[in-house]
Every structure is written in C-alpha cells, then in structure tokens.
Amino acid sequence: MDLRWEDVHSSDGQSISVGVAEHDGRTLLECRDAAAFLRHLLDDPSLPEFAPHTYVRGFVAPGEGAWFELFDALGTRSRDPIRLDEERVRDRLSELW
C-alpha cells in the first residue's frame, strides 16, 4: 500500500512528515520521527528519548480508536502498543483528513 506524505505542524512550529494511507475505513499512519510525532499527539514534551531511527506506525479506525507501535531501525517492535482516543488523534492530526 502506497503512503502519501503530508506535513503536520506541531504547536511549537515543528514540521512532522507523516505517511498516510486509507483502506477499508481505517487510516494507516507512519512517521519516521517517533519522538516528535508522539510529543505532538500526547502533548507531552517530557517523553523519554528514543533510539535513533525509531519510527512509529499505527491506525485510526472509527469505533476502534487509535493504535500505535514503535519500531527500531531493523523493523522490530520496540514497545507495547500505545492506544489513544480516536477523536484526540483526529484533532491533533486534522491536517491529514
């Protein structure tokens, strides 16, 4: 599935490149800058540092919420999935819809 790349602008003015694809009512997301992406979604500047080349993938689905997973440079899942409220994610990433 091909991703289209869009920029999301965080509250501190940072531009975050996010890959987006839609399929069967779900929106699939990928970001190569996991720290910036999660700081923006969670509005938490004190998140721990991630290893270099850590990226995040996830999906947003109506009625299912939003799920994200972190991966290391080799594509190995590096933490437990992060579940977020669908409305919060859609609000924070409104530039993508």
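Let me start with a term: helices and strands here are runs assigned by DSSP, at least four residues for a helix and at least two for a strand, and they are numbered from the N terminus. With that in hand, read along the chain. From the N terminus on, the elements run β-β-β-α-β-β-β-α. That comes to two helices and six strands. One caution before we go on: this is a predicted model.

Now the sheet. How are the six strands ordered? The order is β1-β2-β3-β4-β5-β6, in an open sheet with antiparallel pairing. At the edges sit β1, residues 4-9, and β6, residues 82-84. Each of these edge strands pairs on one side only. From one strand to the next, the twist averages 25°. As a general reminder, strands of a sheet pair through backbone hydrogen bonds, either parallel or antiparallel.

Let's zoom in on one pair. β1 and β2 run antiparallel, and six bridges join them. β2 covers residues 15-23. Here is a spot to find on the screen: H9 stands opposite S15 in β2.

Next, the inside. In general, nonpolar side chains tend to be buried together in soluble globular proteins. In this model, the largest nonpolar core has 23 residues. Which residues have the most contacts inside that core? They are V18, L29, F37, F68, V89 and L93. Several elements give two or more residues to the core: β2, β3 (26-31), α1 (34-42), β4 (55-61) and β5 (65-71). Which element gives the most? That is α1, with six residues.

Take V89 as an example. Leave aside its neighbours within four places in sequence. V89 is then in contact with L41, V60, A66, F68, L84 and W97. Note F68 in that list. Like V89, F68 is among the residues with the most contacts inside the core.

Now step back to the whole protein. Of its 97 residues, 39% count as buried. Consider contacts between residues at least 6 apart in sequence: 39% of them join residues at least 24 apart. The protein exposes about 5800 Å², and carbon and sulfur atoms supply 46% of that.

Last, overall dimensions. Along its principal axes, the C-alpha trace spans about 35 × 30 × 25 Å. What radius of gyration would a compact globule with 97 residues have? It would be near 13 Å. The protein has 13 Å, so the value agrees with a compact globule.

Notes:
Residues are numbered from 1 along each chain as its sequence is written. This is a predicted model: local features need pLDDT of at least 70, side-chain atom pairs count only at pLDDT 80 or more; totals for chains, interfaces and linings use all residues. Side-chain values use heavy atoms; hydrogens and water are left out. Two strands pair if DSSP finds at least two bridges between them. Axes are lines fitted to C-alpha atoms, for helices over the stretch in contact, and angles run from 0 to 180 degrees between N-to-C directions. The radius of gyration is taken over C-alpha atoms; the globule rule is 2.2 Å times the number of residues to the power 0.38. Buried means under 20% relative accessible area, exposed over 50%, partly exposed in between (1.4 Å probe, protein chains only). Contact means heavy atoms within 4.5 Å. Accessible areas come from the Shrake-Rupley method with a 1.4 Å probe; for residues, only the protein chains shown count as cover. A nonpolar core is a set of buried Ala, Val, Leu, Ile, Met, Phe, Trp, Tyr and Cys residues joined through side-chain atoms within 4.5 Å.
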